[in-house]
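Work through the exercises below with the sequence and the model side by side. Try each task before reading its solution.

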Amino acid sequence: MDGGQAKASPQRAGAKPPQGLSAAALEKRLSLKRRAREDAARNLPRHDALELSAAEHAVIEAVANERALVDQTRTEAKVEAERRLRALAPTPQDFTGPALDARLGLKQAEGRITHDWRAAATRARQAQADLEAFKRQHGLRRAAVYPRSTLLQAGLLLCAAVFESLFSAALFAEDDARGLLGGAITAIGLSGANVTLGYLAGFLGLRYLQHVKLPIKAAGAAVFAGLGVLALMLNLFAADWRDRLAALAGRQIDMGSDAGFHIWSLLQLDSPQAIILLMLGAGVWVFAALKGYSGFDDPYPDYGKMARSTQEAADSLSDFRAEARGELEAPIDAAKAALAARLEKMRAEFEAMNKAFDTASLKMEQLDGKARALDDAAASAIHFYRQENAALRTAPAPPYFSTAPPEAGPSLDALSGAAIMIDEARNRLTEAQRHSTQALEELLAQLDGATARLDAGESG
């Protein structure tokens, strides 16, 4: 036990009896050597004697008064220690009150949030059910794939439009009477129209080509074809316009001396700039169509929207659940703080009790050292008497000569009652810790039960 073992005192090993009560002083004062020889000459005490001799009684009586003073001081120290420990003993605490308050607060919080929790859970379940039904209806066995943010995709489209604008502006500016500014205006309009047509062809055409319903698939094919033809017409017109500008500017277009077949002649394009302009427009249109197809949403129509709706409902439920869980935990946290404070109070009281016991143990050890010194002096004197008596007598010595002499006072167990009080206080503290832990475990179980009921849409 804490503090139950008396601490060793530096006086114990070197404790000495008061002056005049040492073994040598007792032997000289009581003439033990002479009395031992006189008793031995008469074979006293008798070989069957059970009582101490008069000389041995004299030794015990010689130290009895001093031993009585020490014992009185020890008794007073014992009473004071027990009074002090009794005053410092941990006060029993109520561990059921905070738990009952927390249960009541938990039920009130559950009642407040039941409707909103149930509504959020219903929305999340309905959204998930709708998504699963959509996947079954459209034969989808994969997760929706779409970017978390469309800002990057929009930036890539913008970069493509800027690139085409810069390159086309340089091509138009060569033969545009308005110079670079006129060429830039034309190029910006061309690239903007190209990116827009490409994006719409991918988003409204390519995506709907894979729809399971034939009318929608046909509509997607028609949209894609129409927008593709429109984009082709736009880029062919731009390329032909570039040739016309060159012709109006009076430039001679060098086709070389090769009289062979040129595929571009089928498109009525004569200048390399017009051909480059057409290829650039076609490339940007294809890039924009691919971005419209899968860069901003899932390639399958409405699948990304359904998946996002389901995810938003799940996130909303998760956020609400976390907030509601915090509201449900508030009364439990308050009970936990109250229980911890009461338990800490008992620990502090027990610690103070331990320190008081240690202080009393040190004081009692000093007094025990004095009592032992008196007992040792008396025992040494009696042992000397018995040695002298046994050496000179003709009859056998009585059997009690081989036993230890009795002590001059009560046994040295003054703090046994205080030690019992320490043990009782420790048991009380252990029991309090058990009650506190049990109360918290029950509250947590009720919290989990309330959460499970709310998740299942049941009433508490």
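The protein chain follows the pattern α-α-α-α-α-α-α-α-α-α-α along the sequence. The model is predicted.

**Exercise 1. The overall fold**

Task: State how many helices and strands the protein chain has, and what share of its residues is buried.

Solution:
- Step 1. Count the elements: there are 11 helices and 0 strands.
- Step 2. Turn to burial. Of the 460 residues in the protein chain, 39% are buried.
- Step 3. Look at the contacts with a separation of 6 or more. Residues 24 or more positions apart account for 86% of them.
- Step 4. Add the surface. The protein chain exposes about 25,500 Å², and carbon and sulfur atoms supply 59% of that area.

**Exercise 2. The nonpolar cores**

Task: For the largest nonpolar core, find which residues have the most contacts inside it.

Solution:
- Step 1. Size the core: the largest one has 45 residues.
- Step 2. Pick out the residues with the most contacts inside this core. They are L85, W117, L328, M353 and F357.
- Step 3. Assign helices. At least two residues of this core come from each of α4 (54-88), α5 (96-138), α10 (303-392) and α11 (416-456).
- Step 4. Rank the contributors: α10 gives the most to this core, with 16 residues.
- Step 5. Follow L85. Leaving aside residues up to four places away in sequence, L85 touches M353, A356, F357, A418, M421 and I422.
- Step 6. Separate the other core. Another core, of 23 residues, lies apart from the largest one, and L30, V59, I60 and Y400 are among its members.

**Exercise 3. The setting of S191**

Task: Decide whether S191 is buried or exposed, and find which residues S191 touches.

Solution:
- Step 1. Locate the residue: S191 lies in helix α7 (residues 179-206).
- Step 2. Apply the cut-off. Buried means under 20% relative accessible area. S191 has 2% relative accessibility, so S191 counts as buried.
- Step 3. List the partners. Not counting residues up to four places away in sequence, S191 touches A161, E164 and S165.
- Step 4. Check the polar side. The S191 side chain reaches the backbone oxygen of A161 at 3.5 Å.

**Exercise 4. A nonpolar surface patch**

Task: Name the residues that make the nonpolar surface patch of about 250 Å², and classify F287 by its accessibility.

Solution:
- Step 1. Identify the members: L152, L156 and F287 make this patch.
- Step 2. Place F287 in helix α9 (residues 272-295).
- Step 3. Classify F287. Its relative accessible area is 31%, so F287 is partly exposed.

Terms used: Residues are numbered from 1 along each chain as its sequence is written. This is a predicted model: local features need pLDDT of at least 70, side-chain atom pairs count only at pLDDT 80 or more; totals for chains, interfaces and linings use all residues. Side-chain values use heavy atoms; hydrogens and water are left out. Helices (H or I, at least four residues) and strands (E, at least two) are DSSP runs, numbered from the N terminus. Buried means under 20% relative accessible area, exposed over 50%, partly exposed in between (1.4 Å probe, protein chains only). A polar contact is a pair of N or O atoms within 3.5 Å; within protein, one must be able to donate a hydrogen and the other to accept it, and residues adjacent in sequence count only if both atoms are side-chain atoms. Contact means heavy atoms within 4.5 Å. Accessible areas come from the Shrake-Rupley method with a 1.4 Å probe; for residues, only the protein chains shown count as cover. Patches are made of residues with over 30% relative accessible area and no salt bridge: like charges are joined within 9 Å, nonpolar side chains (Val, Leu, Ile, Met, Phe, Trp, Tyr) within 5 Å. A salt bridge is a side-chain nitrogen of Lys or Arg within 4 Å of a carboxyl oxygen of Asp or Glu. A nonpolar core is a set of buried Ala, Val, Leu, Ile, Met, Phe, Trp, Tyr and Cys residues joined through side-chain atoms within 4.5 Å.
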